[in-house]
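Please open the structure in your viewer and keep a selection tool at hand. The stops below each say what to select next and what is there.

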Amino acid sequence: MASDEDSNAIALKQWIARNGGYFNPDTRFSRTYSGFSVIAKELLPFDSTIVTIPFRLAITRKNAVEALAQILKAPSALDSWNERQCIASYLCFHRILNGESLHLQHYHYVQTLPTPEQLRTGLFLTLEERELFQGTNMYGAIRDREKEWRSEFSRCHAIVASVNAEWADAFTWKLYLASASHMSSRAFPSTLLSRTPSLVSSPSTEPILLPGIDSLNHARGQPVSWAVTFPDAFDNVSEPCVSLILHSPTSAGSELFNNYGAKPNSELILGYGFSLAENPDDTIILKVGGSDADTKKWEIGRSARGVEGLWAEILSLVGQTSADEEISYEDELDASSMLGEMVRVVMEKLPRPGRSHDPGRIRPEVIEMFRTYIEGQRDILDSLLAFADAKERTAIEKARSEGVDIVLEG
């Protein structure tokens with residue numbers, strides 16, 4: 001039977017194979033509104049290797065800079081660019097030059113990346129879609145990221161324009177934004193390419209792209225591993241390679257999933273373009289007091305996870321001077337009241353998820369992202385109110401034990 005697999009996906013698999021890699025032959029790429037999903041053609045058993053690529057196919061800041069330096073003939077100008085500027089610009093030039101440069105080695109990979117029209121990350125939301133999130137952390141996060149990335153793009157564009165005006169015309173904000181978004185949604189930490197692979201970042205870690213390895217979509221809790229092999233007497237490999245292995249079986253016709261790790265919907269929407277219903281990893285960012293940039297920010301999860309630091313700061317503001325000092329019932333009452341009021345103010349600002357939206361103006365998948373995001377934010381705030389109420393009850397009991405009967409208004 002003739003394959004109905006996309007020609008760009010087939011070309012990617014062939015390119016990986018020509019370069020010493022492997023893509024499981026019992027898989028196929030299937031087009032979706034957001035790009036591709038990878039489907040099992042046959043039953044895939046436990047511990048199936050899906051993709052293997054040699055380290056040299058990874059896109060890093062180093063090889064991106066080497067290629068751009070040859071194309072732009074301005075190596076010193078790239079010294080001040082960060083990883084995102086280097087790798088995003090490298091991806092852009094595959095589009096600008098249509099792969100027609102010996103210095104661009106990842107054309108077949110770039111051809112499988114989602115187009116700007118397929119992306120749903122925070123910066124690809126329309127103005128009307130962004131307004132859905134007015135009054136939330138997400139709204140400000142989108143604004144801040146756009147400001148930062150536009151500034152980076154301007155510096156990159158100035159260098160390109162100084163070299164070739166035609167390239168500069170093609171090097172648009174929309175193209176750069178798409179390439180930077182591919183980084184935010186697909187990058188792995190460079191620590192993965194080591195003898196002890198790890199997804200834990202460190203100050204020396206850099207984001208890298210792993211063509212093929214990054215083809216699978218996300219499923220929370222999916223049991224996967226990234227296996228690294230180096231040439232030695234026992235492994236039949238001629239160079240270092242990294243493989244994606246799925247540890248659960250996948251039935252024929254079902255989608256294969258990677259696991260991006262525990263991520264709240266705020267991060268998934270901003271950087272990946274999707275959300276998870278009732279995501280247990282959801283968080284909200286809160287701070288006490290004004291909008292001073294130096295004000296401590298607290299990331300609180302569902303069931304008030306992580307509230308201890310926020311509670312300690314509020315206690316210090318109402319009177320407690322030391323962590324070793326016993327908390328008086330007066331301080332605990334004042335602190336619980338302050339926390340409850342702070343939470344209620346945040347809740348009042350949240351948009352209402354129940355109102356109807358015109359699907360002709362706001363895309364259905366964006367509406368779903370909005371609703372799942374707001375559900376998580378409200379659930380966390382409800383848990384904080386319950387935490388404040390519990391602290392208030394504790395304070396009342398403590399007062400009674402000291403012979404003080406407290407009656408709260410209302």
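Begin by selecting Val-307, which counts as buried because its relative accessibility is 2%; buried stands for under 20% relative accessible area, exposed for over 50% and partly exposed for what lies in between, with a 1.4 Å probe and protein chains only. Val-307 is found in helix α10, which covers residues 307-318, and here helices (H or I, at least four residues) and strands (E, at least two) are DSSP runs, numbered from the N terminus. Now add Leu-384 to the selection: although Val-307 and Leu-384 are 77 residues apart along the chain, their C-alpha atoms are separated by 7.9 Å.

A word on the model belongs here: it is predicted, so that local features need pLDDT of at least 70 and side-chain atom pairs count only at pLDDT 80 or more, while totals for chains, interfaces and linings use all residues. Residues are numbered from 1 along each chain as its sequence is written, and side-chain values use heavy atoms, with hydrogens and water left out.

Zoom out to the whole chain, whose secondary structure comes to 12 helices and 12 strands. The C-alpha atoms fill a box of roughly 80 × 55 × 50 Å, taken along the principal axes, and of the 410 residues in the chain, 48% are buried.

Next select Ser-383, whose place is in helix α12. Is Ser-383 buried or exposed? With a relative accessible area of 15%, Ser-383 is buried. If you add Val-318, you will find it 65 residues from Ser-383 in sequence and 22 Å from Ser-383 in space, C-alpha to C-alpha.

Keep helix α12 (residues 364-401) in view and add helix α11 (residues 329-349), which packs with α12 at an angle of about 160°, the axes being 8 Å apart. Axes are lines fitted to C-alpha atoms, for helices over the stretch in contact, and angles run from 0 to 180 degrees between N-to-C directions. Helices α11 and α12 are therefore roughly antiparallel to each other, since angles over 145 degrees count as roughly antiparallel, those under 35 as roughly parallel, 65 to 115 as roughly perpendicular and the rest as oblique. The crossing of α11 and α12 is left-handed, a word used when the near helix is turned anticlockwise from the far one by less than a right angle, with right-handed used if it is clockwise. In the contact of α11 with α12, the residues divide into 14 nonpolar, three polar and seven charged; Ala, Val, Leu, Ile, Met, Phe, Trp, Tyr, Cys and Pro count as nonpolar, Asp, Glu, Lys and Arg as charged, and the others, Gly among them, as polar.

Move on to helix α3 (residues 83-96) and helix α6 (residues 137-163), which pack at an angle of about 60° with their axes 11 Å apart. That angle makes α3 oblique to α6, and the crossing of α3 and α6 is right-handed. Then replace α6 with helix α2 (residues 61-72), which packs with α3 at about 55°, with axes 9 Å apart. Helix α2 is thus oblique to α3, and the crossing of α2 and α3 is left-handed.

Now show the aromatic side chains, among which a search of the whole structure finds 16 pairs. Rings of Phe, Tyr and Trp (its six-membered ring) pair if their centres lie within 6.5 Å, and planes under 30 degrees apart count as stacked, over 60 as edge-to-face and the rest as tilted. One of the pairs is formed by Phe-188 and Trp-226, whose ring centres are 6.4 Å apart and whose planes stand at 70°, so the pair is edge-to-face. Because Phe-188 lies in strand β5 (residues 188-189) and Trp-226 in strand β8 (residues 224-229), the pair ties together parts that are 38 residues apart in sequence. Both Phe-188 and Trp-226 are buried. Select as well Phe-93, Phe-153, Trp-167, Phe-171, Trp-173 and Tyr-176, which form one aromatic cluster.

For the last stop, select Asn-98 in the loop between α3 and α4 (107-110). Although Asn-98 is not a glycine, it has a positive phi of about 55°, and at 44% relative accessibility Asn-98 counts as partly exposed.
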